Every structure is written in C-alpha cells, then in structure tokens.
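Thanks for making time this morning. I would like to walk you through one model, going from the overall layout to individual side chains, and I will try to stay with what the coordinates themselves support.

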Amino acid sequence: MSISKITAIAALTGVVGLSACTDPAQWDLSDKPKTKNGALIGGLIGAGIGALTSDDDKAETVIGTAAAGAVVGGLIGNQLDKQEAELRQTLANDSISIVNTGDRLTVSLPNDLTFDTNSAVVAQAVRGDLLKVADSLVRYPDSTVQVIGHTDSDGEAQYNQDLSVRRANSVADLIQAGGVPFSRIVTLGRGEDAPVASNLTPDGKARNRRVEIVVIPRG
C-alpha cells in the first residue's frame with residue numbers, strides 16, 4: 001500500500017479525534033451531536049479529496065484537506081443546529097416535523113394538514129408556518145432548498161406523481177412569496193416512489209402523504 005493511501009486512511013480515522021488536537025474552545029462539541037456530524041462528514045469528504053490529489057511525496061496534503069473539510073463541516077453543522085432550534089421555537093404546529101442529519105434539515109409537512117383531498121391549494125392553517133420557514137431561509141441564505149412532494153400508493157401512479165408535483169410547486173410558491181429567491185429553490189415530485197412507512201395501514205399512508213422542505217447548506 002502506498003504512503004498516500006496509508007495517510008488517507010489515517011486522516012479519515014483522525015478526523016474523529018480532531019477535538020483532541022486543536023483548541024478545545026473551538027472543538028468541544030460533546031453537546032452538539034449534529035455539529036460534530038457535520039465536522040465528521042466534512043472531514044471525510046476533505047480526506048477523500050486530498051487522497052485523490054496527493055502523491056507519495058506529499059501525503060500530508062490529505063491531512064490538511066481533511067482538517068479543512070472538518071472545519072467547514074463543523075460550521076455547517078453549527079448553522080443547522082441554530083436554524084433547527086429557531087424553527088422549533090417559531091413553528092406552532094406539532095404535526096410539522098424537523099429532522100437534522102448534520103448536513104441538511106428536512107421540514108416535513110403532512111399533506112392531511114397542508115392540503116384538502118386531491119387539492120394542491122395550501123391550507124390556510126399552515127400558511128403562517130410556511131411563511132416562518134421562508135423567514136428562516138431568508139435569514140440563513142447560504143443554502144439551497146428542495147421542495148419535494150410525496151403521496152401514498154392509493155390511486156393511479158401517474159395521478160399521484162402529478163399531484164405531488166403540483167403540491168410541491170404550491171409550497172415552493174409560498175416560500176418564494178415569503179422572500180426566498182427562486183434561484184435557491186428546486187421543486188420535485190416523487191409521487192408514491194419514496195414512502196417512509198408502509199402503505200398497508202392508514203397510519204402509514206398518512207405518514208407517506210407529505211411535502212418535504214430540505215435545506216442543504218452550501219459548503
């Protein structure tokens with residue numbers, strides 16, 4: 001195995017221990033798991049890039065790139081932690097879920113709350129919450145926003161696909177009306193193709209009917 005490959009492996013492993021070899025004030029993330037995840041993800045990506053660009057004489061490039069990637073990843077994770085906390089405080093409806101994976105936020109709106117049956121018109125009950133999401137996106141501008149529509153498996157697949165697109169577009173239009181530039185927004189319809197629960201039960205179907213707003217920071 002070449003020196004560069006050995007160093008790449010060491011760098012990938014060493015990212016986890018970055019807090020032990022840098023300023024503790026900067027890297028004490030024990031109470032911020034999503035920030036730590038962001039640092040780890042950034043470090044792994046950085047190490048991988050370094051491995052591709054290094055050679056046996058300059059294997060240290062891998063470590064440097066991994067460390068830089070971890071710094072960027074940590075900043076991204078910290079930003080998402082703050083944005084998540086603010087959204088949880090401002091959104092009034094407990095049916096709206098927020099998932100923070102360290103590299104993105106996913107705000108999930110259940111369709112049964114957001115739309116009438118077979119409708120793509122956003123219900124008045126959630127318009128205020130969507131405008132709060134838009135305000136958050138305006139205050140955290142360094143991200144792209146995917147708005148993804150989903151349905152359950154009832155009915156014709158093509159109809160479900162079309163409905164999911166129309167519902168995603170309706171949510172995206174309201175976010176844009178709240179001040180988020182169109183250039184940041186991507187709308188997608190997944191129809192019944194990406195369930196998060198079984199379509200064999202009413203509860204599972206209800207969970208599958210949703211629109212997701214996915215916030216992906218730009219590194």
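What follows is a short tour of the fold, two of its helices, a few single residues and the salt bridges.

Please keep in mind throughout that this is a predicted model. The protein chain has eight helices and five strands, and read from the N terminus the elements come in the order α-α-α-α-β-β-α-α-β-α-β-α-β. The chain has 219 residues, of which 42% count as buried, and its accessible surface comes to about 11,300 Å², with 56% of that belonging to carbon and sulfur atoms. If we take contacts between residues at least 6 apart in sequence, 71% of them join residues at least 24 apart.

Let me turn to helix α7, residues 157-177. With 21 residues at 1.5 Å a residue, α7 should span 30 Å, and because its end C-alpha atoms are indeed 30 Å apart, the expected and the modelled lengths agree. The buried residues of this helix are Asn160, Leu163, Ser164, Arg167, Ala168, Val171, Ala172, Leu174 and Ile175, so listed you will notice an arginine and an asparagine among them. As for their surroundings, these buried residues pack against β2, α5, α6, β3, β4 and β5. After the helix comes glycine 179, which has a positive phi, near 110°.One residue of α7 deserves a closer look, namely isoleucine 175. Is isoleucine 175 buried or exposed? Its relative accessibility is 0%, and therefore isoleucine 175 counts as buried. Leaving out neighbours within four places in sequence, isoleucine 175 is in contact with Ala134, Leu137, Val147, Val180, Ile185 and Ile213. For one of these partners we also have a backbone distance: the C-alpha atoms of isoleucine 175 and leucine 137 are 8.7 Å apart, although 38 residues separate the two along the chain.

Leucine 137 brings us to helix α6, where the buried residues are Val126, Asp129, Leu130, Val133, Ala134, Ser136 and Leu137. These residues lie on the same side of α6, because they cover an arc of only 155° around the axis. For the length of α6, the 16 residues at 1.5 Å each should span 22 Å, and the end C-alpha atoms are 24 Å apart, which agrees.

Two loop residues are worth adding. Serine 119 sits in the loop between α5 and α6, and it is buried, with a relative accessible area of 18%, where the cut-off for buried is under 20%. Not counting residues up to four places away in sequence, serine 119 touches Leu163 and Arg167, both of which appear in the list of buried residues of α7. Threonine 101, in the loop between β1 and β2, is partly exposed, with a relative accessible area of 39%. The side chain of threonine 101 makes a polar contact of 2.7 Å with the side chain of aspartate 103, while the C-alpha atoms of threonine 101 and glycine 77, which are 24 residues apart in sequence, lie 8.8 Å from each other.

That leaves the charged side chains. Side chains of opposite charge can pair when their charged atoms come close. How many salt bridges does the model contain? The count comes to eight, and I will describe some of them.

Aspartate 152 and arginine 209 form a salt bridge through their side chains, with N and O 2.5 Å apart. This pair links distant parts of the chain, since aspartate 152 is in the loop between β3 and α7 and arginine 209 in the loop between α8 and β5, 57 residues apart. Both aspartate 152 and arginine 209 are buried.

The side chains of aspartate 154 and lysine 205 meet in another salt bridge, at 3.0 Å from N to O. Here too distant parts of the chain are linked, with aspartate 154 in the loop between β3 and α7 and lysine 205 in helix α8, 51 residues apart. Aspartate 154 is partly exposed, at a relative accessible area of 39%.

Arginine 210 forms a salt bridge with glutamate 212, where the closest N and O atoms are 3.0 Å apart. Arginine 210 has a relative accessible area of 4% and is therefore buried, and glutamate 212, at 14% relative accessibility, counts as buried as well. Finally, Glu86, Asp135 and Arg139 are linked in a network of salt bridges.

Technical notes: Residues are numbered from 1 along each chain as its sequence is written. This is a predicted model: local features need pLDDT of at least 70, side-chain atom pairs count only at pLDDT 80 or more; totals for chains, interfaces and linings use all residues. Side-chain values use heavy atoms; hydrogens and water are left out. A salt bridge is a side-chain nitrogen of Lys or Arg within 4 Å of a carboxyl oxygen of Asp or Glu. Helices (H or I, at least four residues) and strands (E, at least two) are DSSP runs, numbered from the N terminus. Buried means under 20% relative accessible area, exposed over 50%, partly exposed in between (1.4 Å probe, protein chains only). The expected span of a helix is 1.5 Å times one less than its number of residues. Contact means heavy atoms within 4.5 Å. The arc is that of the directions from the helix axis to the C-beta atoms. Accessible areas come from the Shrake-Rupley method with a 1.4 Å probe; for residues, only the protein chains shown count as cover. A polar contact is a pair of N or O atoms within 3.5 Å; within protein, one must be able to donate a hydrogen and the other to accept it, and residues adjacent in sequence count only if both atoms are side-chain atoms.
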